[in-house]
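Biologist: Please show me the model. I would like to go through its ligand and its empty space.

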Amino acid sequence: MKNKRSPYLSYSPEVADAIAKKLPLVALESTIIAHGMPYPKNVETALSVEQIVRKTGAIPATIALIDGRLKVGLTESEIDLIGREGQKVTKCSRRDLPFILQQKKTGATTVAATMIVAAMAEIRFFATGGIGGVHRGGADSMDVSADLQELAQTPVAVISAGVKSILDLERTLEYLETHGVPVIGFDTEEFPAFYTRQSGLSVDYKISDPAQLAEALHIKWAIGMKGGALIANPIPEIHSMEKAAIDQAIEAALQEAAEKNIRGKAITPFLLAKVEQLTKGSSLKSNIQLVYNNARLAGELAVAYSQL
Ligand code: PSU
Ligand code: MN
């Protein structure tokens, strides 16, 4: 279906129907499918995540670039295509969108790119696993994910399980503070570190009630403030990993990345795959569970927001 807001935006039938009925929507990214998890677990996870969103009363809109269109809502076969093609699909952040559209290539959207497309479709909530941030050694390499700038300018709340310690968590939070991005801990005062609930770092606000959080965001946008918010939802205790085991895998992955001189957009997918391999799949299990947990919260927030 064509869209009046952008000639390049295409809604799936389910999303078009949800917009017509003014149902709450939750955006989902596709880089996590193509570059964040191996096939076929990536496809199974993406489909389950959509089901979890539906159970909350919201409608899922997985976002990707296909055939020169910004797709908001994917069919099962489109999700399968992105999952099967995996690393062959172009990873698209903000800078890439127009070029991948022009070339009519299949593109998987990062957090930044997913936020841009979600905002075009007026979707305010977006669930994922982890966001990009300031890389370790980032003060020297200047490797700072475009996700952080996007949070500063685009009005979408991103629900994540915090940031993986492949990144420099402290500098990531400093960067967000500088750019005015609020970090809200859902029912926690501590910023979670993706696989574990602890980081030793604090969030800006602890909020435990989705309705209260939805209202605060509503106020942010109602008073004309630009930008989004980072909602940090800790991994459920029973699925969290042992800190020593994950730290060890991350250190080894970082060392190999340095030896192989992997940089730029390739480094995040490289580290994710390496960590998964080194933990023999146990990090993947945790990763899947925390995404489910985030999808549920995002659905609840979208529903609460729609009731304001
Ligand atoms: N971190 C994760 N899982 C992911 C990503 C990051 O734990 O799948 C993906 C997201 O799509 C994120 C992107 O937006 O990597 C960040 O890439 P970069 O650092 O190149 O901006
Ligand atoms: Mn980077």
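Modeller: A polar contact is a pair of N or O atoms within 3.5 Å; within protein, one must be able to donate a hydrogen and the other to accept it, and residues adjacent in sequence count only if both atoms are side-chain atoms. This is a predicted model: local features need pLDDT of at least 70, side-chain atom pairs count only at pLDDT 80 or more, and totals for chains, interfaces and linings use all residues. Residues are numbered from 1 along each chain as written, chains are lettered from A and ligands numbered from 1 in written order, and side-chain values use heavy atoms, without hydrogens and water.

Biologist: How far is a polar side-chain atom of threonine 268 from an oxygen atom of ligand 1?

Modeller: Look for a pair of N or O atoms within 3.5 Å. Threonine 268 offers a polar side-chain atom, and ligand 1 an oxygen atom. Their distance is 3.0 Å.

Biologist: How much of the accessible area of ligand 1 does the protein cover?

Modeller: Accessible areas come from the Shrake-Rupley method with a 1.4 Å probe. On its own, ligand 1 has 470 Å² of accessible area. The protein covers 93%.

Biologist: Which residue has a polar side-chain atom 2.7 Å from an oxygen atom of ligand 1?

Modeller: Residues near ligand 1 have a heavy atom within 4 Å of it. There are 14, and the closest include Glu29 and Asp147. The side chain with the 2.7 Å pair belongs to aspartate 147.

Biologist: Which backbone comes 3.5 Å from a nitrogen atom of ligand 1?

Modeller: Here the protein partner is a backbone N or O atom. The residue is glycine 130.
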